[in-house]
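Reader: I'd like to learn how to read a model like this one, feature by feature. Could you walk me through it?

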Amino acid sequence: MKLALAQLDIAFEDKIKNKETAIQFIKQAVTEKVDMIYFPEMTLTGFSMNTSLIGENNNETIEFFKEMSTKFNIFIGFGYVDGTSHSKNKYSVVAPQ
């Protein structure tokens, strides 16, 4: 099994830009025949305490990475903030299946 650790320059609180960056890392990992790529905590937002802005109640980040995992046939680990109040910093791994 080949693993990759992604260290990226996160655009603070900018999910759209960070999604584009994550896709580039995923594409590179696939090119290098990586089986699983791990991103840092709060992958698409950076470490922000502004949970009313970055927190999710709709699984947006999970769904994005599930889609990328299936599309590129790679396991992906990522961090995100669950909830906009009483939020939790979570980390998940999704599989292509």
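Author: Sure. Keep in mind that this is a predicted model. Let's start with a pair of facing residues: I76 stands opposite V94 in strand 4.

Reader: Okay, and how do I read the pairing around that? In which sense do strand 3 and strand 4 pair, and over how many bridges?

Author: For a strand pair, look at the direction and then at the bridges. Strand 3 and strand 4, the latter covering residues 88-94, run antiparallel and are joined over seven bridges. They also make a hairpin, with five residues between the two strands. In that turn, G83 has a positive phi of about 90°.

Reader: Which strand pairs with strand 3 in the parallel sense?

Author: That's strand 2, residues 36-38, which pairs with strand 3 over three bridges. To find the spot on screen, go to Y38, which stands opposite G77 in strand 3.

Reader: So strand 3 has a partner in strand 2 and another in strand 4. How many of its eight residues are buried?

Author: Burial is read from relative accessible area, and under 20% counts as buried. Six of the eight residues of strand 3, which spans 75-82, fall in that class, so the strand is mostly covered by this definition.

Reader: Let's go back to I76. What is I76 in contact with, beyond its neighbours within four places in sequence?

Author: Contact lists work best when you sort them by where the partners sit. With those neighbours set aside, I76 touches I26, I37, F39, F65, M68 and S69, and also S92, V93 and V94. I76 belongs to the largest nonpolar core too, and is one of the residues with the most contacts inside it.

Reader: How many residues does that core have, and which others have the most contacts?

Author: It has 20 residues, and alongside I76 the best-connected ones are I26, I37, F39, F65, I74 and F78. Helix 1 (15-31), helix 3 (60-72) and strand 3 each supply at least two residues. Helix 3 gives the largest share, five residues.

Reader: F65 turned up in the I76 list as well. Where does F65 lie, and is it buried or exposed?

Author: F65 is in helix 3. Its relative accessible area is 0%, so it counts as buried. Outside its sequence neighbours up to four places away, F65 touches A22, I26, F39, T43, L44, I76, F78 and V94. For a distance check, take F65 and A95: they are 30 residues apart in sequence, with their C-alpha atoms 9.2 Å apart.

Reader: How does K66 in helix 3 come out on accessibility?

Author: K66 has 37% relative accessibility, so it is classed as partly exposed. Its C-alpha is 8.1 Å from that of I76, and the two are 10 residues apart along the chain.

Reader: Now backbone angles. What should I look for in phi?

Author: Most residues other than glycine have a negative phi. That makes a positive value on another residue type worth flagging. N59 is a case here, with a positive phi of about 60° although it is not a glycine. N73 is another non-glycine with a positive phi, of about 55°.

Reader: Where are N59 and N73, and how accessible are N59 and N73?

Author: N59 is in the loop between helix 2 (51-54) and helix 3, and at 37% relative accessibility it counts as partly exposed. N73 is in the loop between helix 3 and strand 3, and its 59% puts it in the exposed class.

Reader: Last topic: cavities. How many are there of 30 Å³ or more, and what lines the largest?

Author: Check the count, then the volume, then the lining. There is one cavity of 30 Å³ or more, and the largest has a volume of about 40 Å³. Its lining is made up of M42, T43, L44, T45, I54, E56, T61, G79, Y80 and V81. Strand 3 gives the most to that lining, with three residues. By type, the lining splits into five nonpolar, four polar and one charged residue.

Reader: T43 is in that lining. How far is Q7 from T43?

Author: Their C-alpha atoms are 9.8 Å apart, with the two positions 36 residues apart in sequence terms. Q7 is in the loop between strand 1 (3-5) and helix 1, and with 76% relative accessibility it counts as exposed.

Methods: Residues numbered from 1 in each chain as written. Predicted model: local features only at pLDDT ≥ 70, side-chain atom pairs only at ≥ 80, totals over all residues. Heavy atoms only, no water. Buried < 20%, exposed > 50% of the residue type's maximum accessible area, 1.4 Å probe, protein only. Helix = DSSP H or I, 4+ residues; strand = E, 2+ residues; numbered from the N terminus. Pairing = 2+ DSSP bridges. Core = buried A, V, L, I, M, F, W, Y, C linked by side-chain atoms within 4.5 Å. Contact = heavy atoms within 4.5 Å. 1 Å grid on protein atoms, 1.4 Å probe; cavity = no way out; pocket = protein on both sides within 12 Å on 5 of 7 lines; lining within 4 Å. Points joined across faces, edges and corners; volume = space filled by probe spheres on them. Nonpolar A, V, L, I, M, F, W, Y, C, P; charged D, E, K, R; others polar.
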